[in-house]
Amino acid sequence: MLAKISTCPPPGLPGDAGWRPLLGFVVDLLIALAVLLATSVLGGMVWAAARLVSMAPRLDVLATPDRMAAAIGQPGMAAQIGIGLGAMFATALVVYFFRRPAPAAERATSLRAARRPSSWGWALLAGVVAFAASLLLGWAMQHVGVDAVPSNQVLIGELLHSHPWTLFALVVLFAPAYEELLFRRVLFGRLWAAGRPWLGVLLSSLAFALMHEVPGVGGNSVAATTLLLLGYTLMGGIFACVYRHTGTLWAAIGAHAINNLLACLVLLATQ
């Protein structure tokens with residue numbers, strides 16, 4: 001079932017030679033960051049506007065800017081995750097459609113590869129391996145006395161008990177789809193198409209890691225942050241290799257979803 005599959009990279013763009021693919025990668029990444037920031041701010045504004053509308057009957061609350069700001073407060077856990085996921089979804093779509101949309105021939109090839117049972121065998125294997133690697137890294141950090149808590153674990157842990165089915169849908173179905181579209185199809189795919197797949201694996205996986213664990217934000221030590229980034233980079237590399245080996249992004253999405261599902265189940269069982 002896990003036989004070797006002959007695959008071709010996604011088609012390149014005109015002029016994809018020399019340093020141009022790397023420049024294109026940087027431009028893709030900068031556009032993604034700009035769109036992510038803009039849509040996150042917009043999402044926060046929409047949430048605040050909705051809060052104001054809900055408080056409109058209480059005119060005393062809206063009497064002064066200070067009272068208004070105090071009444072609006074900060075988004076709750078569910079709202080924060082919703083705003084973040086919505087911003088990432090919009091970012092992935094914008095960068096994909098405006099920078100590297102898949103032509104019909106590539107989509108057809110991907111669908112044919114997705115119909116092979118071996119593609120899903122690789123997806124299952126990769127998802128389990130990625131999860132096992134995360135567990136092994138966590139055990140190693142505990143063994144050497146490094147206390148590391150992923151930045152998103154607190155949010156996910158709280159939502160897991162209050163809205164478990166919503167969380168499972170977001171983390172297992174929604175997030176793997178848009179993250180693989182952005183980091184594997186667009187970022188990794190650009191360098192793969194230019195004949196630099198291993199550079200693409202490295203750079204796209206580093207970008208994937210930095211999106212999940214921003215240094216200095218989560219309150220972890222330098223050693224803990226470094227090890228967390230290493231874990232996410234390894235995970236991204238596994239998903240990129242699955243995409244390259246099978247020739248279909250659906251396999252990478254499946255591997256990512258399996259990893260997230262196992263992580264949620266373990267978190268649910270241990271909290």
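The expected span of a helix is taken as 1.5 Å times one less than its number of residues. Helix H10 can be judged against that value. H10 covers residues 249-270 and has 22 residues. From its first C-alpha to its last it reaches 32 Å, close to the 32 Å expected at 1.5 Å a residue. The model is predicted.

The N-terminal end of H10 is capped by Thr248. A side-chain oxygen of Thr248 lies 3.2 Å from the backbone nitrogen of Trp250. Several residues of H10 are buried. Among them are Leu249, Ala251, Ala252, Ile253, Gly254, Ala255, His256 and Ala257. Asn259, Asn260, Cys264 and Leu267 are buried as well.

The protein chain as a whole has 10 helices and 0 strands. From the N terminus on, its elements run α-α-α-α-α-α-α-α-α-α. The chain holds 271 residues, and buried residues make up 41% of them. About 14000 Å² is exposed by the protein chain. Carbon and sulfur atoms supply 73% of that area. Contacts with a separation of 6 or more were also sorted by sequence distance. Residues 24 or more positions apart account for 82% of these contacts.

Charged pairs were examined next. The count comes to 4 salt bridges. One of them joins the side chains of Asp28 and Arg190, at 2.6 Å from N to O. Asp28 lies in helix H1 and Arg190 in helix H7, so the pair ties together parts that are 162 residues apart in sequence. Asp28 is buried, and Arg190 is buried too.

Asp28 also meets Arg99. The side chain of Arg99 makes a polar contact with the side chain of Asp28, at 2.5 Å. Asp28, Arg99 and Arg190 are linked in a network of salt bridges. Arg99 lies in helix H3, which spans residues 77-99. Its relative accessibility is 25%, so Arg99 counts as partly exposed; the buried class requires under 20%. Arg99 is also placed beside a residue far along the chain. Arg99 and Val186 are 87 residues apart in sequence, yet their C-alpha atoms are 7.8 Å apart in space.

A second link to helix H7 involves Glu106 and Arg185. Their side chains meet in a salt bridge at 2.8 Å, N to O. The pair links distant parts of the chain, with Glu106 in helix H4 (residues 104-114), Arg185 in helix H7, and their positions 79 residues apart. Glu106 is buried, with a relative accessible area of 14%. Arg185 has a relative accessibility of 3% and therefore counts as buried.

The surroundings of Arg185 were then traced. Its helix, H7, spans residues 164-193. The Arg185 side chain makes a polar contact with the side chain of Glu106 at 2.8 Å. A polar atom of the Arg185 side chain also lies 3.2 Å from the backbone oxygen of Arg100. Residues up to four places away in sequence are left out of the contact list for Arg185. The list includes Tyr96, Arg100, Pro101, Ala102 and Glu106. Arg185 also touches Glu180, Arg190, Tyr243 and Leu249. Two of these residues recur elsewhere in the model. Arg190 takes part in the network with Asp28 and Arg99. Leu249 is one of the buried residues of H10.

Glu180, another residue touched by Arg185, forms a salt bridge of its own. The side chains of Arg184 and Glu180 meet at 2.7 Å, N to O. Both residues lie in helix H7, 4 residues apart, about one turn of the helix. An α-helix has 3.6 residues a turn, so residues three or four places apart point the same way. Arg184 and Glu180 are both buried.

The surface offers a contrasting feature in helix H1. Val26, Leu30 and Leu33 make a nonpolar surface patch of about 270 Å². Leu30 lies in H1, which spans residues 20-55. Its relative accessible area is 53%, so Leu30 is exposed; the exposed class requires over 50%. Helix H1 also contains Asp28, which is buried.

Terms used: Residues numbered from 1 in each chain as written. Predicted model: local features only at pLDDT ≥ 70, side-chain atom pairs only at ≥ 80, totals over all residues. Heavy atoms only, no water. Patch = residues over 30% accessible without salt bridge, like charges linked within 9 Å, V, L, I, M, F, W, Y side chains within 5 Å. Areas by Shrake-Rupley, 256 points an atom, 1.4 Å probe, with all protein chains shown as cover. Helix = DSSP H or I, 4+ residues; strand = E, 2+ residues; numbered from the N terminus. Buried < 20%, exposed > 50% of the residue type's maximum accessible area, 1.4 Å probe, protein only. Polar contact = N/O pair within 3.5 Å; in protein donor to acceptor, adjacent residues only side chain to side chain. Contact = heavy atoms within 4.5 Å.
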